Amino acid sequence: MAKRSSLSIRIVEGKNLPAKDITGSSDPYCIVKVDNESIIRTATVWKTLCPFWGEEYQVHLPPTFHTVAFYVMDEDALSRDDVIGKVCLTRDMLASHPKGFSGWTHLMEVDPNEEVQGEIHLRLEVVPGTHASRLRCSVLEARDLAPKDRNGASDPFVRVYYNGQTQETSVVKKSCYPRWNETFEFELEEGAIGALLVEAWDWDLVSRNDFLGKVVVNVQRLCSAQQEEGWFQLQPDQSKSQRGQGNLGSLQLEVRLWDETVLPSIFYQPLIQLLCQEVKLGTQGPGQLISIIEETASAECRQEVATTLLKLFLGQGLAKDFLDLLFQLELSRTSEANTIFRSNSLASKSMESFLKVAGMRYLHGILGPIIDRVFQEKKYVELDPSKVEVKDVGCSGLHRPQTEDEVLEQSAHTLRTHLMALLSAICRSVRACPAVVRATFRQLFQRVRERFPTAQHQNVPFIAVTSFLCLRFFSPAILSPKLFHLRERHADARTSRTLLLLAKAVQIVGNMDTAVSRAKEAWMEPLQPTVRQGVVQMKDFITKLIDIEEKEELDLQRALNSQAPPVKEGPLFIHRTKGKGPLASSFKKLYFSLTTEALSFSKTASSKKSVFIKLASIRAVEKVEEKSFGSSHVMQVIYADDVGRAQTVYLQCKCVNELNQWLSALRKVSIDNRSLLASYHPGIFRGDKWSCCHQKNKTDLGCDKTHSRVTLQEWSDPLDHDLEAQLIFRHLLGVEAALREKYRILSGETETGISPTGRGGAPEDPLAQLFHVLQDLQDAHSSSLAGPPPREPHRLLELQT
């Protein structure tokens, strides 16, 4: 049983931001920190005071986190980026909004006295004395203090205040993980009240000392407990605040906190078996369980339900069967061929999720080179005469205005070139498409042809396939390559327009060049010859794509299963420590590939890979202090070698997003390792000591806690069957009243107190069985909250085939 928390974050847009550049504008981006650890960086939106990001993230983190903060920054090419303002949300604040925090909120000024982080380890005790008791405060150590100096560290010391007296520790130079082990005593009067104040400061030789945080201890409570020891979170000091009242603009956010208690796998088996049984039988009618789940799923939660069900059935090897059942359900209620799969139904949402989970590598292989070319060329492209900008052309001294016709002709030529290259890449990709995707499209094609068999509907099966492949997969990725991880940054205005026109052309091809598509935007007419040729190519491609027999599908799937699929891959720079001497400053660029078995490397993406670290030997994956290598994008992988000795390898990424993606991927595939460390050294062992805490024993326990539970959710994540089942249980529990009402209607019952059971107490149908399964899971969760481990469920369903 495990308690898990996750944050669903959508950074929408900003407005009325202050100008930070001499041009009267800004280049804003957002940094998201959880308890002062940077986990997300949005793309920069150039030259605007009202940026739109529209970026969504799912973050998994330990339930003990305190705050999530959003910093709006202004990117500068030549100097340090400017801080515009921030929004801070506490865990308690998010927990008080079960449906999530959503809306505009004002940016607040970032005050150095409130930008505190880290924890301090104190031992507090009341010591009996001859005449009076004494209050003893032992300042042991601190961790993750804010770096206040240019060298990326601080020179921390501690002041302890009580009853008008002040005592100080020594100063620890150049460390955010200091160890003092110093003890102070104060006379304690009988019936003493008030507080013991512990403040951490950064010592500066020339300027004023910088505030690092404080802890306030209730002396009366301490007298009752006599002794207290532990890590105390450092708090800001509002009395030192120097915040101004200027208008810094606003930020629109959507943030929702999810807290889940995931039970052992055995407790979810009845629910999984019941759902799998329904999919395998493929039964239809008003009492069909999957159909009822779709009916009771609101528009707001349908995407979440679709993704969760899809992942659950994908893990059970039933994704194709599940989608096939949804196809049949939707087709049974579709009367007009031109409306097929156009609504946001469970079938449409599930198919979208399926393509992202199973086909993202396929998408990157097709679109990656095309998108890169568009970004590199940065040509001015426009087909709409009402939006054409006439510009000068020619060499110096011979400039002449470019005519509108010339702009339109050049734009049409550019778009034809990109569209033909894209269609050619799609047509060559039949063998590259995952077997399960091909088989699913085959099922879709057959079901639609059975539903609309007449000659006048001969294009409808093709349109059904392209409605997902082109309209819901390729086109959105072309339109927003950043959101599909095709690019690190958003496109500028010129490139965005090119991508939009290219996405429109792909949609027209996907619609099989219908009259309705052409009538919407007549100015797309210059692309018609290429579009008509593309329709022929697309139909030929689909015919080959769905031409996959079951045996071929199984053979391809076995070949895929025999190879550990890559979770993440890409170039990284590797640093290695050598012997006991100082750390070598050299680094080497290699291509790394992470699978569910090992982290491997090679010289290039196509060369032979060598296993570097087996995943079972990984003990921690953490960030490295910026001062260690002069870069904030370095991570360390701590692992055990063949003889069990701890080894560390340092890997440098090109940016903070790539760093967080690699950290997440490595943490997720090693999360079940039994030898994971609870602490680590965020610095490096240079010379004869650790750069972080200055300890001289290389094998000394780490000075900071590990963050193995802090990860970003990706479409390529390993499937988590227990979590998916828990999410489905939570959804079904939320709509249980609607399910019971549906059951009463179907069974003809009118009394609310009737239990849905048949003879001998045995459930009569799947929906009745579902109520018993939900009750068992509720009981198991109640038992887990009470303390002792919950009993195993007494209902295990026989899976019918």
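**Strands, helices and their contacts in a predicted model**

Good morning. Strand 21 is joined to strand 22, residues 610-614, by four bridges, and the two run antiparallel. In that pairing, A598 stands opposite K614 of strand 22. Please keep in mind throughout that this is a predicted model.

I begin with strand 21 because four of its five residues, which span 598-602, are buried, so the strand is largely enclosed by the rest of the structure. Strand 21 also pairs with strand 20, residues 588-595, again in the antiparallel sense and over four bridges. Within that pair, L594 stands opposite L599 of strand 21. How many residues lie between strand 20 and strand 21 in their hairpin? There are two residues between them.

Let me now place this region in the chain as a whole. The secondary structure comes to 19 helices and 30 strands. Of the 801 residues in the chain, 51% are buried. Among contacts with a separation of 6 or more, 69% are between residues 24 or more positions apart.

I turn next to a sheet. This open sheet has four strands in the order 3-2-5-6, with antiparallel pairing. Which strands stand at its edges? They are strand 3, residues 37-41, and strand 6, residues 82-90; each has a single partner strand, so one side of each is left without a neighbour in the sheet. On average, and with direction ignored, neighbouring strands of this sheet are turned by 25° against each other. Strand 2, residues 28-34, is joined to strand 3 by four bridges, and these two strands run antiparallel. K33 stands opposite S38 of strand 3.

A residue in strand 1 also deserves mention. S6 lies in that strand, which covers residues 2-15. Is S6 buried or exposed? S6 is buried, with a relative accessible area of 10%. Leaving aside neighbours within four places in sequence, S6 is in contact with two stretches of the chain: Q58, V59, H60 and L61, and then R256, L257 and W258.

The helices follow. Helix 6, residues 319-332, packs against helix 7, residues 346-377, at an angle of about 150°, with the axes 9 Å apart. An angle over 145 degrees counts as roughly antiparallel, and helix 6 is therefore roughly antiparallel to helix 7. The crossing of these two helices is left-handed. On the helix 6 side, the residues that meet helix 7 are A319, F322, L323, L326, F327 and E330; on the helix 7 side they are L346, A347, S348, S350, M351 and F354. The residues of this contact divide into nine nonpolar, two polar and one charged.

For those looking at the spacing of such positions, a general point is useful. An α-helix has 3.6 residues a turn, so residues three or four places apart point the same way.

One residue of helix 6 may serve as an example. L326 is placed in helix 6 and is buried, with a relative accessible area of 2%. Which residues does L326 touch, not counting those up to four places away in sequence? L326 touches L346, A347 and S350, and also I290. From C-alpha to C-alpha, L326 and G282 are 9.5 Å apart in space, although 44 residues apart in sequence.

I290 brings us to helix 4, where I290 is among the buried residues. Helix 4, residues 289-296, is mostly covered, with seven of its eight residues buried. Besides I290, the buried residues are L289, S291, I292, I293, E294 and T296.

A second helix pair offers another arrangement. The axes of helix 8, residues 404-427, and helix 13, residues 528-545, come within 10 Å and cross at roughly 10°. Angles under 35 degrees count as roughly parallel, and helix 8 and helix 13 are therefore roughly parallel to each other. Helix 8 contributes R416, L419, M420, L423, I426 and C427 to the contact, while helix 13 contributes T530, V531, G534, Q537, M538 and F541. These residues divide into eight nonpolar, three polar and one charged.

I close with helix 11, residues 493-510, which holds R494. At 33% relative accessibility, R494 counts as partly exposed. How far apart are the C-alpha atoms of R494 and Y380? They are separated by 6.1 Å, with the two positions 114 residues apart along the chain as the separation in sequence.

Thank you for your attention.

Terms used:
Residues are numbered from 1 along each chain as its sequence is written. This is a predicted model: local features need pLDDT of at least 70, side-chain atom pairs count only at pLDDT 80 or more; totals for chains, interfaces and linings use all residues. Side-chain values use heavy atoms; hydrogens and water are left out. Axes are lines fitted to C-alpha atoms, for helices over the stretch in contact, and angles run from 0 to 180 degrees between N-to-C directions. Angles under 35 degrees count as roughly parallel, over 145 as roughly antiparallel, 65 to 115 as roughly perpendicular and the rest as oblique. A crossing is left-handed if the near helix is turned anticlockwise from the far one by less than a right angle, and right-handed if clockwise. Contact means heavy atoms within 4.5 Å. Ala, Val, Leu, Ile, Met, Phe, Trp, Tyr, Cys and Pro count as nonpolar, Asp, Glu, Lys and Arg as charged, and the others, Gly among them, as polar. Two strands pair if DSSP finds at least two bridges between them. Buried means under 20% relative accessible area, exposed over 50%, partly exposed in between (1.4 Å probe, protein chains only).
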